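These are notes on a predicted model, set out as numbered points on its salt bridges, one helix and its nonpolar cores.

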Amino acid sequence: MTDRNIPVTEDELHAYVDNELPAERRGDVEAWLATHPEDAARVQSWQAMAEELHARYDSIVDEAVPKRLEIERLVRQPRRWVYGAVAATLAAFIVGGGAGWFAREATATPSPLQAFTVHAIEAHRLYVVEVRHPVEVPGSERSHLQQWLTKRCGWVVRAPELQGAGLKLVGGRLLPSSTGPASFMMYESASGERFTLYTAKSEAEATQMRFAAEGKESALFWADDGVIYAVVSTDADRGRLSQVAQAIYDQMEKKGG
């Protein structure tokens, strides 16, 4: 027996969307949604996003994790620049006050920033398709997430507030990078649009913001005070990506990293 007066949890809403909710609880959840329009709207947006993700990624979802994402490969010596397409199309853009973006030539040999951005794009691709388990620690535990990642990564990790850009923190997880631990955070709009922020320690010199693209993914990345940042999106136009990255950049500058 179940009690319809028990509040429906976030996990149950996700399980409902994924058709993994126990049959005896499904009616309770549907009754809850009928009287809680905000939750009903969230469920509807998740269902729409799930349909879009299935349509786009079902053909690759069962593929093995690429060897280039194996931890042992990431923590060994810096690897070759394996994305010929990226090397051919990578353009670096600098944010210069009100002067806008200025392009620079990409080099055939990857800089630490370029290699880092490849890892950021790969991590984005791997987790952005997840509906129920995109992160280890949910955004509702922001303080714990920041403390945990700070302890594991070795610098002060902050989860930027991006409500002004229409984004909510989904949560984050700990990932490897070629230079050690990396923090990974995911943000989502009401329509299901997702952005990820990947950061790691680096000896790279401080740089202003630059742009890279590979396939449907695009990224803005920069280095400051011994940390590299990359903001990645799928199918977002450059103006939207710039809005999100600039909001993060400004908060990191204001808070000192």
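1. R132 and E20 form a salt bridge through their side chains, with N to O at 2.1 Å. The two residues are 112 apart and join distant parts of the chain: R132 sits in the loop between helix 6 and strand 3 (137-138), E20 in the loop between helix 1 (10-17) and helix 2 (23-35). R132 is partly exposed, at a relative accessible area of 29%.

2. Within helix 2, R26 and E30 lie four residues apart, about one turn of the helix. Their side chains meet in a salt bridge of 3.6 Å, N to O. R26 is partly exposed at 27% relative accessibility, and E30 is partly exposed at 40%.

3. E193 pairs with R240, the closest N and O atoms being 3.0 Å apart. This salt bridge also links distant parts of the chain, from the loop between strand 5 and strand 6 to helix 8, 47 residues apart. R240 is buried because its relative accessible area, 16%, is under 20%, whereas E193, at 26%, is partly exposed.

4. The structure has nine salt bridges. A network of them links E12, R25 and D28.

5. Helix 6 (residues 112-128) has 17 residues and an expected span of 24 Å, which agrees with the 24 Å between its end C-alpha atoms. Of these 17 residues, 14 are buried, so helix 6 is largely enclosed by the rest of the structure.

6. The largest nonpolar core contains 29 residues; those with the most contacts inside it include W222, V244 and I248. Helix 8 gives the largest share, six residues. V244 touches L162, A165, L167, F195 and V231, leaving aside residues up to four places away in sequence. Another core, of 20 residues, lies apart from it and includes I121 and Y198.

Note on methods:
Residues numbered from 1 in each chain as written. Predicted model: local features only at pLDDT ≥ 70, side-chain atom pairs only at ≥ 80, totals over all residues. Heavy atoms only, no water. Core = buried A, V, L, I, M, F, W, Y, C linked by side-chain atoms within 4.5 Å. Buried < 20%, exposed > 50% of the residue type's maximum accessible area, 1.4 Å probe, protein only. Contact = heavy atoms within 4.5 Å. Expected span 1.5 Å × (residues − 1). Salt bridge = Lys/Arg side-chain N within 4 Å of Asp/Glu carboxyl O.
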